[in-house]
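User: Hi! I would like to learn how to read aromatic pairs and nonpolar cores in a protein model. Could you walk me through them?

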Amino acid sequence: MKKRVYIRIGVGILLWLFAGFAFEVFQGRRVLSDLIYLMEEPALLATDYMSNVSIGAAIINSALCGLLCLILMYCMKIEVQSIHIAAILTVIGHALFGKNLLNMESILAGCFICVRVFRVSFRKYLHSAFFSTGIAPVASFFAFEGFLDKGPLSFITGHILGILCGFVVMYLSLHLPVLHNGYTLLNGGLACGIAATVLYGIMQLFGAVNVVHAATPLSGDNYFFAPVLLCIFASLFIYGTIRNEGLRGLLDMQFRKGKAVHFLDEYGVGLTFMNMGLVGILTTLYIVLIGAELNGLTIGAILASVGFACYGQTA
């Protein structure tokens, strides 16, 4: 286990965390009360925490979720690979619009129970558990906005359902690769989608559909977010260029054929970071140029794309 890699990832997440605190202080908000309010949101798609709570609280929640993943990996002495970076960045991105520390824990608990039941190494599939937290809003919805009055019973019910969903999604994640043979990067997302569709069908069957629509996403802040994101991704690209000692190999990487692959192992740190920076720049520019808004939803999607840019996705 290379501690230097953990330190570098940890520093990046801590900088993201400090940025969230800076936003909270600048806006004169109370961090703890905002985080508590955020965790009590029903969290259905699309719950933009930047709009519903505050920009600072959304970023702090995002960083804490990423930090939790990193700590779990470190405690289990896992060697950081491309898929782990993709998983952590996906968690960080999704924690801007629906995922939080409270609803994540029940999903992770369900994943752990699943691997214990089927005697599979949790260390080997911890990244699958991180991706499985994509269904975490189920726990929040039934805990705080479901069909029981808000209270201890609804809270317990929501987290029991969260554990069950985590179990099912983890089980699906372990077996779905035989269907797509590795030609999709979103194996965990596919598992979450199947489980959520079945759950919603069961809710309809019993007439228990009472979906509360989320608030309007944040808008009007492109002038701030666009330069910041472009600077971050440009820094990634420049760092990768320095490590790679130039642009050699970048074009070949963009036109590679095949399935998902660990770019860090195949192409090295330099080219991988260049690709991540390039994907981040292009996705940010695309959102701005089509007239869309940079908010918790779109920034979360950008971060997830950047994550997968070290595991099979190219610009």
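Analyst: Happily! Let us begin with Phe 224, which is partly exposed because its relative accessibility is 35%; buried means under 20% relative accessible area, exposed over 50%, and partly exposed in between (1.4 Å probe, protein chains only). Its neighbour Phe 225 counts as buried, at 6%. This is a predicted model, where local features need pLDDT of at least 70 and side-chain atom pairs count only at pLDDT 80 or more, while totals for chains, interfaces and linings use all residues. Residues are numbered from 1 along each chain as its sequence is written, and side-chain values use heavy atoms, leaving out hydrogens and water.

User: How is the aromatic pair of Phe 224 and Phe 225 arranged?

Analyst: Rings of Phe, Tyr and Trp (its six-membered ring) pair if their centres lie within 6.5 Å; planes under 30 degrees apart are stacked, over 60 edge-to-face, and the rest tilted. Phe 224 and Phe 225 are edge-to-face, with centres 5.4 Å apart and 65 degrees between the planes. Together with Phe 23, they form one aromatic cluster.

User: Which residues have the most contacts inside the largest nonpolar core?

Analyst: A nonpolar core is a set of buried Ala, Val, Leu, Ile, Met, Phe, Trp, Tyr and Cys residues joined through side-chain atoms within 4.5 Å. Here the largest has 82 residues, and Met 50, Met 73, Phe 130, Ile 135, Met 276, Leu 294 and Ile 299 have the most contacts inside it. A second, separate core of six residues includes Met 253, Val 261, Leu 271 and Met 274.
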